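User: Could you take a close look at how the helices pack against each other here, and then at the pocket in the same model? A connected walk-through would suit me better than a list.

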Amino acid sequence: FQATFTLLLGPFTFFNVQKTKYLQIMTSLMRWIAFILMIILALIHISRGQAEGHPSMAQLSGIRNLFGVCVYSFMCQHSLPSLITPISKKKHINKLVLLDYVLILAFYSLLSFTAIYCFRNDTLMDMYTLNFTNCEIISVAFIRYFLGLFPVFTISTNFPIIAVTLRNNWKTLFHREGGTYPWVVDRIVFPAITLIPPVLVAFCTHDLESLVGITGAYAGNGIQYLIPAFLAYCSRKDTQLVFGSGTVNKHLSPFRHSFWIVFVLIWGFSCFVFVTANIVLSESKL
């Protein structure tokens, strides 16, 4: 299955993916359907008195995986430009974005809490949708297969788009002013270094929990805290150079003071130290 996935979707990395409007609409629709189905099925299971989950208040050993989950939740910010750009009058943009995030938080919370109370901790699978492939949860075969294959559908649509984006980022990272890449480097090397690492990782491990925990602990820390803080700092400096220091932006964030940038950087470094210590202590116990 891994080889089939690579052969079918891997070649998209070597080309450009454009006009993905309908693809994105279809993916979003499937996500809404899957989320609502899982929440409703879990609530029905709980209401029948068949709930098996008895979660503890907190587990410090789960902090590492928390970062992995957070970085995927953080991906909702990937859609911010497409949400904000079409809005011509941005007077109430802060309220609209706040409403959007409240909706996202509500769905994540509802999905998470119904999951931990519906299923026992030792039976709760890393890929949550697989918990609903059991006939005891839902007897309708179509829904079981739909939820079981849901990750395949979303990954199949997102993988080419994300791969092409990463490939273009590689080109930008190594771009030399006034220079162009040879055909082999442009068409073969950059797509290859984009495609090969995730394929090798997928072939080598199926431990999704550890994979998400490690990547989220380090890459997620940079994506969520360090890179946005540096981007905010550099963009503010660039704005002052372009428009002048006296220009007032009426859409300024409430967190516009430089203190918040420093705070996020310190927080990111603290998280890095904490997660590393947690991983070392967990591995030493094993």
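Analyst: In this predicted model, helix α2 (residues 21–47) packs against helix α6 (residues 141–173) at an angle of about 150°, and their axes are 10 Å apart. With angles over 145 degrees counted as roughly antiparallel, α2 and α6 are therefore roughly antiparallel. The crossing of α2 with α6 is left-handed. On the α2 side, the contact is made by L23, Q24, T27, M30, R31, I33, A34, L37, M38 and L41. Facing them from α6 are I143, F146, L147, F150, F153, T154, T157, N158 and I161. Sort the residues of the α2 contact with α6 by type and you get 13 nonpolar, five polar and one charged.

Now stay on α2 and turn to α5. Here the two axes come within 9 Å and cross at roughly 40°. That angle makes α2 oblique to α5. The crossing of α2 and α5 is left-handed as well. From α2, the contact takes in W32, F35, I36, M38, I39, A42, L43, H45 and I46, while α5 brings L103, F107, L110, L111, T114, Y117 and C118. By type, the contact of α2 with α5 splits into 14 nonpolar and two polar residues, with no charged ones. If you're tracing individual side chains, M38 is worth picking out: it is listed in the contact of α2 with α6 and also in that of α2 with α5.

Next comes a pair with a shorter list of contacts. Helix α1 (residues 2–9) and helix α7 (residues 183–204) pack at an angle of about 165°, with 11 Å between their axes. α1 and α7 are therefore roughly antiparallel to each other. Their crossing is right-handed. Q2, A3 and T6 of α1 meet V199, A202 and F203 of α7. That contact of α1 with α7 comes to four nonpolar and two polar residues, and no charged ones.

To put these pairs in context, the protein chain has nine helices and zero strands. Read from the N terminus, its elements are simply α-α-α-α-α-α-α-α-α. The C-alpha trace spans about 65 × 50 × 45 Å along its principal axes.

And then the pocket. The second largest one has a volume of about 1,800 Å³. Its lining takes in 39 residues, and those nearest the centre are A232, R236, S253, F255 and R256. Which helices supply at least two residues each of that lining? They are α4 (80–84), α5 (93–118), α8 (208–243) and α9 (258–285). α8 gives the most, with 13 residues. So α5 turns up again: this helix packs obliquely against α2 and also supplies at least two residues of the lining of the second largest pocket. If you're thinking about the chemistry of the second largest pocket, its lining residues divide into 22 nonpolar, 13 polar and four charged. Two arginines, R236 and R256, are among the residues that lie nearest the centre.

Conventions: Residues are numbered from 1 along each chain as its sequence is written. This is a predicted model: local features need pLDDT of at least 70, side-chain atom pairs count only at pLDDT 80 or more; totals for chains, interfaces and linings use all residues. Side-chain values use heavy atoms; hydrogens and water are left out. On a 1 Å grid over the protein atoms alone, a cavity is a set of points where a 1.4 Å probe fits but cannot get out, and a pocket is an open set with protein on both sides within 12 Å along at least five of seven lines; lining residues have an atom within 4 Å of a point. Grid points are joined across faces, edges and corners, and a volume is the space filled by probe spheres set on the points. Helices (H or I, at least four residues) and strands (E, at least two) are DSSP runs, numbered from the N terminus. Ala, Val, Leu, Ile, Met, Phe, Trp, Tyr, Cys and Pro count as nonpolar, Asp, Glu, Lys and Arg as charged, and the others, Gly among them, as polar. Axes are lines fitted to C-alpha atoms, for helices over the stretch in contact, and angles run from 0 to 180 degrees between N-to-C directions. Angles under 35 degrees count as roughly parallel, over 145 as roughly antiparallel, 65 to 115 as roughly perpendicular and the rest as oblique. A crossing is left-handed if the near helix is turned anticlockwise from the far one by less than a right angle, and right-handed if clockwise. Contact means heavy atoms within 4.5 Å.
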